[in-house]
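Colleague: I am new to reading protein models, and I would like a close look at a single part. Could you walk me through the sheet, one step at a time?

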Amino acid sequence: MTPADLSRTVLHAVHCAVEADELPAAVPTRVTVRVPPRPGCGDYATNVALRVAQDTGRPAREVAEVLRKRLAAEPGVARVDIAGPGFLNITLEGTSYTQLVRDLLHAPPAAEPLPLPAPAPGLVARLGSDAARWSLLWPAGFDRAGLLVQRDSNPLFRVRYAHARTQGLLRNARDLGFASAPAEGDGDSAAPLLAALADHARITAARDPERLARHLDRIAGAFLTWQTGCAVLPRGDEKPSAVHGARLALAEATGNVLADGLHQLGITAPAHL
């Protein structure tokens, strides 16, 4: 279940509770879910009960309990807990991590790039084809010259560097004699990256180049944060373990998604950067 799917599920639970006269409130137009800031608080959290409670005049924890019972019965939801004044912490069924990685490893690449206006010849001459195309996808006022600088504030560099980093990890793993092997792994530390990857199919289906570019930047940032905080490869005399295989599989899946997204934008995804 992707974050977008879960948001619709939560909104549906609120709608059903209102229709059943369990909550005398207006149904929100949209509901957001986010990755909790601390491990052990479920896969996603939402403050919808606090918002709905403002209309009902009832304590937010009472509203949360009504919604908790409905959400816990939804397919794909393993558990729902109430935290603090009425936050709902939602744990999804445990197959999501491994199955998501497997699906991304075997997903076919995009057939063709998305339609984009052709960059002006002068812009291509100044920035090169890749940076010129990316510059069309970012908000007005963006420093186009910054696309030529290899630094973290450059979103094009960040996305392409994250892809090159995944390829470097795969090369080093081959030298060490092991390959990626999807398995349950760093569920908490990798949660922001997994949430971004889970959104890939929905984002690409929208065929919106600007939205895809922002999505790739989100994935790249989440990947670089995750891989900095964990050992994807064995260190020193350490032997490759199942954990390393699982982490490498997540890195490989991330590389596939970044390459696929860049291809759709007509931008190259170098293996070395």
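Modeller: Happy to help: we will go through the sheet, then look at a few residues and helices. Keep in mind that this is a predicted model, in which local features need pLDDT of at least 70 and side-chain atom pairs count only at pLDDT 80 or more, while totals for chains, interfaces and linings use all residues. Residues are numbered from 1 along each chain as its sequence is written, and side-chain values use heavy atoms, with hydrogens and water left out.

Let us start with the strands. Helices (H or I, at least four residues) and strands (E, at least two) are DSSP runs, numbered from the N terminus. Two strands pair if DSSP finds at least two bridges between them. In general, strands of a sheet pair through backbone hydrogen bonds, either parallel or antiparallel.

Here, 3 strands make up an open sheet, the order is 1-3-2, and the pairing is antiparallel. Strand 1 (44-46) and strand 2 (77-83) are the edge strands, each pairing on one side only. On average, neighbouring strands of this sheet are turned by 25 degrees against each other, direction ignored; for such angles, axes are lines fitted to C-alpha atoms (for helices over the stretch in contact), and angles run from 0 to 180 degrees between N-to-C directions.

Now for the pairings themselves. Strand 3 (residues 87-92) is joined to strand 1 by 3 bridges, and threonine 46 has leucine 88 in strand 3 as its bridge partner. Between strand 2 and strand 3 there are 6 bridges, with valine 80 standing opposite isoleucine 90. Strand 2 and strand 3 also form a hairpin with 3 residues between them, and glycine 84 in the turn has a positive phi of about 55 degrees.

Threonine 46 deserves a pause. This residue of strand 1 counts as buried because its relative accessibility is 2% (buried means under 20% relative accessible area, exposed over 50%, partly exposed in between, with a 1.4 Å probe and protein chains only). A polar atom of its side chain lies 3.0 Å from the backbone oxygen of threonine 32, and a polar atom of the same side chain lies 3.2 Å from the backbone nitrogen of valine 48. Not counting residues up to four places away in sequence, threonine 46 touches Val10, Val31, Thr32, Val33, Phe87, Leu88 and Ile90, where contact means heavy atoms within 4.5 Å.

Leu88 also leads us to a helix. Leucine 67 lies in helix 3 (residues 60-72) and is buried, with a relative accessible area of 1%. Leaving aside neighbours within four places in sequence, leucine 67 is in contact with Ala13, Val14, Ala17, Leu23, Val48, Ala49 and Leu88. By contrast, leucine 67 and arginine 102 are 32 Å apart in space, C-alpha to C-alpha, and 35 residues apart in sequence.

Two other helices round off the tour. In helix 7 (residues 155-176), phenylalanine 157 and tyrosine 161 are 4 residues apart, which means a separation of about one helical turn. Phenylalanine 157 is buried, at 17% relative accessible area, whereas tyrosine 161, at 33%, counts as partly exposed. Finally, 7 of the 8 residues of helix 8 (residues 191-198) are buried, so this helix is largely enclosed by the rest of the structure. Those buried residues are Ala191, Leu193, Leu194, Ala195, Ala196, Leu197 and Ala198.

Terms used: Polar contact = N/O pair within 3.5 Å; in protein donor to acceptor, adjacent residues only side chain to side chain.
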